[in-house]
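Thanks, everyone. Let me put the structure up, and then I'll walk through it piece by piece.

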Amino acid sequence: MEEAIRSSMLTKRFGSVTAVNGLDLLVKKGTIFGLVGPDGAGKTTTIRMLCGILLPDEGEAFVGGYNTVAQGERLKEYIGYMPQRFSLYGDLTVMENLEFYAEIYQVPRQVRREKIKKLLAFSNLTAHVGKLADQLSGGMKQKLALSCNLIHTPAYLFLDEPTTGVDPVARREFWKILFGLKNQGTTIFVSTPYMDEAERCDEVGLMYNGNIMRLDKPENMIMGFERELLSVSVDNIFKARDYAGELPYVEDVYIYGEELHIIADDFKYARDRLVLDFKDKKITTFDIKKISPSLEDVFITSVREMKKGIGGKQGD
Ligand SMILES: Nc1ncnc2c1ncn2[C@@H]1O[C@H](COP(=O)(O)OP(=O)(O)OP(=O)(O)O)[C@@H](O)[C@H]1O
């Protein structure tokens, strides 16, 4: 296994807030690592430390063998970093933006044209070279931003929520590009709020309150979900959610799309009792069935357990 990214006890504090708390990570070369977690979990701070932009208070990290602090300048040649709000120049065209970043990254002039041509083809932007960046759709803007970050052919790519706010079709297309990069050997470290994207990563870390609470392949996380999960369709979802939360045989309950997801020890017992208990409360049950968990179920329940663990109040 060739190591690409490693951190040990990486810590960052902002005043009394510990944004990242003793993070130990290991990402293999040529893989996609996904960092998932609620707002404020510490994802951006982690990425910024790994890119050598933010100094850790404790611990250390290495990317491609380079120490992110002591060799931070050297490291910049090998990494691409796309922050949540990457600045494209709206009044420059697609081509001009790429040329601008080629200049910034000092891409040798003799290879610039060829490199830009390849990136445009790779990201399906060839037909739009003359358009102003401001006139592109959200998905195209993100692809252009990614292309600008790939102009110097980085071996390690850090993407902070690169597809937030982008429509599902454009998100899929963006991920096709990421898979293409992975196949060429690029290591990708990406934070995302989308579970379908997390499922596409080789490994996923669930971050909460500055800690990685779980770290595994997505399929292992799903397999490790050992409780019974019920999907329940009712006429009054909020009333049903609040009531189910008080029932002794219900371990957890949350709203999942149009349905209630209920976790219990014993499916048959919970199903039979729920229908009766809901009826008593004048809640009509349209459908109730056992389902396999998705990665989203794993994350929702993990975060809820963590919140309970630290005495926090549960949300949805
Ligand atoms: N420059 C800063 N000054 C003070 N506090 C900060 C700073 N940057 C981050 N924090 C705090 O550190 C914690 C982690 O923030 P961070 O931005 O890393 O989380 P995140 O998981 O990326 O969330 P989001 O997706 O909302 O950006 C939060 O409590 C945040 O308020």
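Start with Ile188, which sits in strand E8. Helices and strands here are DSSP runs, H or I of at least four residues for helices and E of at least two for strands, numbered from the N terminus. Before going on, a word on provenance. This is a predicted model: local features need pLDDT of at least 70, side-chain atom pairs count only at pLDDT 80 or more, and totals for chains, interfaces and linings use all residues. Residues are numbered from 1 along each chain as its sequence is written.

Back to Ile188. Is Ile188 buried or exposed? Ile188 is buried, because 23 other C-beta atoms lie within 10 Å. The cut-offs: buried is 20 or more other C-beta atoms within 10 Å of a residue's own, exposed is 12 or fewer, partly exposed is in between, and the C-beta atoms are placed from the backbone. Cys201 is 13 residues from Ile188 in sequence, and the two C-alpha atoms are 9.2 Å apart.

Now the sheet around that strand. E8 covers residues 187-191 and runs parallel to E7, with 5 bridges joining them. Pairing needs at least two DSSP bridges between two strands. In this pair, Phe158 stands opposite Phe189 of E8. What connects the two strands? E7, helix H6 (residues 168-183) and E8 make a right-handed β-α-β unit. Right-handed means that, with the strands pointing away from the viewer, the path from the first strand over the helix to the second runs clockwise.

E7 deserves a closer look. This strand is residues 156-160, and 5 of its 5 residues are buried. In general, side chains in a regular strand alternate between the two faces of the sheet. For E7, both faces are covered. One side has Tyr156, Phe158 and Asp160; the other has Leu157 and Leu159. E7 also pairs with strand E6 (residues 79-82), in the parallel sense, over 4 bridges. Met82 has Leu159 of E7 as its bridge partner.

Zoom out to the whole sheet. It is open, has 6 strands, and its order is E6-E7-E8-E3-E9-E10, with mixed pairing. E6 and strand E10 (211-216) are at the edges with a single partner strand each, so one side of each has no neighbour in the sheet. From one strand to the next, the twist averages 15°. The axes are lines fitted to C-alpha atoms, for helices over the stretch in contact, and angles run from 0 to 180 degrees between N-to-C directions. At the E10 end, strand E9 (residues 203-208) pairs with E10 in the antiparallel sense over 5 bridges. Met207 is matched there with Ile212 of E10 as bridge partner.

Next, the second sheet. Which strands form it, and in what order? It is an open sheet of 4 strands, ordered E12-E13-E11-E14, with antiparallel pairing. The edges are strand E12 (250-256) and strand E14 (285-290); each has a single partner strand, so one side of each lacks a neighbour in the sheet. Here the twist averages 20° from one strand to the next. Strand E11 (residues 228-234) and E14 run antiparallel, joined by 5 bridges. Ser231 has Lys289 of E14 as its bridge partner.

On to the ligand. Its shell is Phe14, Val17, Ala19, Gly37, Asp39, Gly40, Ala41, Gly42, Lys43, Thr44 and Thr45. A residue joins the shell if its C-beta atom, placed from the backbone, lies within 6 Å of the molecule. Strand E2 (17-28) and helix H1 (43-50) supply at least two residues each. H1 gives the largest share, 3 residues. By class, the shell divides into 4 nonpolar, 5 polar and 2 charged. Nonpolar is Ala, Val, Leu, Ile, Met, Phe, Trp, Tyr, Cys and Pro; charged is Asp, Glu, Lys and Arg; the others, Gly among them, are polar.

Finally, the whole chain. Its elements are 11 helices and 14 strands. The C-alpha trace spans about 75 × 45 × 35 Å along its principal axes. Of the 316 residues, 38% are buried. The chain divides into domain 1 (3-219) and domain 2 (226-292), with bounds from an automatic or database domain assignment. Their C-alpha centres are 40 Å apart.

One last residue: Ser123, in the loop between helix H4 (109-122) and helix H5 (138-149). Ser123 counts as buried because it has 23 C-beta neighbours inside 10 Å. Its C-alpha atom is 44 Å from that of Asp287, 164 residues away along the chain.
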